[in-house]
Amino acid sequence: MSDAAEAHITAERSVWTGQVTALCGATAEYGDYDMFYLFPVGPLCPECRRIRDDH
Ligand SMILES: [Zn+2]
């Protein structure tokens with residue numbers, strides 16, 4: 001069992017393959033991650049947050 005899913009910030013989502021890329025570089029097939037939110041509603045991936053805040 002994994003920990004509660006971290007929310008990643010979606011950087012890119014391919015409508016062709018369904019693959020999601022997060023700002024931190026994590027990739028997943030669409031659906032592997034429950035939450036790819038622009039707005040944090042749970043523990044936000046620290047890498048995603050740092051990268052976002054850098055911009
Ligand atoms: Zn992330």
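This passage describes the fold, the zinc site and the salt bridges of a predicted protein model.

The protein has 55 residues. Its secondary structure consists of three strands and one helix. Read from the N terminus, the order of elements is β-β-β-α. Strand 1 covers residues 10-13. Strand 2 spans 19-22, and strand 3 spans 27-29. Helix 1 takes up 46-54. Of the residues, 24% count as buried. The exposed area of the protein is about 4,200 Å². Carbon and sulfur atoms supply 52% of that area. Contacts across the sequence were also examined. Among contacts between residues at least 6 apart in sequence, 42% join residues at least 24 apart.

The strands are considered next. Strand 1 and strand 2 run antiparallel and are joined by three bridges. Thr-10 stands opposite Ala-22 in this pairing. The two strands form a hairpin, with five residues between them. Gly-18 lies in the turn and has a positive phi of about 80°. Strand 2 also pairs with strand 3, again in the antiparallel sense and over three bridges. Here Thr-21 stands opposite Thr-27 of strand 3. Strand 2 and strand 3 form a hairpin too, with four residues between them. In this turn, Gly-25 has a positive phi of about 100°. Strand 2 is thus paired with strand 1 and with strand 3.

The side chains of strand 2 alternate along its length. Val-20 and Ala-22 point to one face, and both are buried. Gln-19 and Thr-21 point to the other face and are not buried. Ala-22 has a relative accessibility of 3%. The cut-off for a buried residue is under 20%, so Ala-22 counts as buried. Ala-22 can also be placed relative to Cys-45, a residue of the zinc site. The two residues are 23 apart along the chain, and their C-alpha atoms are separated by 9.6 Å.

The zinc ion has four donor atoms. They are ND1 of His-8 and the SG atoms of Cys-24, Cys-45 and Cys-48. The coordination distances run from 1.9 to 2.4 Å. Along the chain, the donors follow the spacing H-x15-C-x20-C-x2-C. Two of these donor residues, Cys-24 and Cys-45, link distant parts of the chain. Cys-24 sits in the loop between strand 2 and strand 3. Cys-45 sits in the loop between strand 3 and helix 1. The two cysteines are 21 residues apart.

The geometry of the site follows from its angles. The ideal angle for four tetrahedral donors is 109.5 degrees. Around the zinc ion, the donor atoms subtend angles of 104 to 116°. The arrangement is therefore tetrahedral, because all angles lie between the limits of 85 and 135 degrees. The two cysteines named above also fall into separate accessibility classes. Cys-24 has 26% relative accessibility and counts as partly exposed. Cys-45 has 5% relative accessibility and counts as buried.

The structure holds three salt bridges. One of them joins Glu-47 to Arg-50, with the closest N and O atoms 3.0 Å apart. Both residues lie in helix 1. They are three residues apart, about one turn of the helix. Arg-50 also meets Asp-54 in a salt bridge, at 3.7 Å from N to O. Asp-54 and Arg-50 are four residues apart in helix 1, so about one helical turn separates them.

These residues can be sorted by accessibility. Glu-47 is partly exposed, at 36% relative accessibility. Arg-50 is partly exposed as well, at 43%. Asp-54 has a relative accessible area of 58% and is exposed. The cut-off for an exposed residue is over 50%. Salt bridges that share partners join Glu-47, Arg-50 and Asp-54 into one network. Another salt bridge links the side chains of Arg-52 and Asp-53, at 3.3 Å from N to O. Arg-52 counts as partly exposed, at 33% relative accessibility.

Methods. Residues are numbered from 1 along each chain as its sequence is written. This is a predicted model: local features need pLDDT of at least 70, side-chain atom pairs count only at pLDDT 80 or more; totals for chains, interfaces and linings use all residues. Side-chain values use heavy atoms; hydrogens and water are left out. Buried means under 20% relative accessible area, exposed over 50%, partly exposed in between (1.4 Å probe, protein chains only). Contact means heavy atoms within 4.5 Å. Accessible areas come from the Shrake-Rupley method with a 1.4 Å probe; for residues, only the protein chains shown count as cover. Donors are N, O and S atoms within 2.8 Å of the metal (3.2 Å for Na, K and Ca); water is not among the atoms, so sites may look incomplete. Four donors count as tetrahedral if all angles lie between 85 and 135 degrees; four count as square planar and six as octahedral if opposite donors are over 155 degrees apart and all others between 65 and 115; anything else is irregular. A salt bridge is a side-chain nitrogen of Lys or Arg within 4 Å of a carboxyl oxygen of Asp or Glu. Two strands pair if DSSP finds at least two bridges between them.
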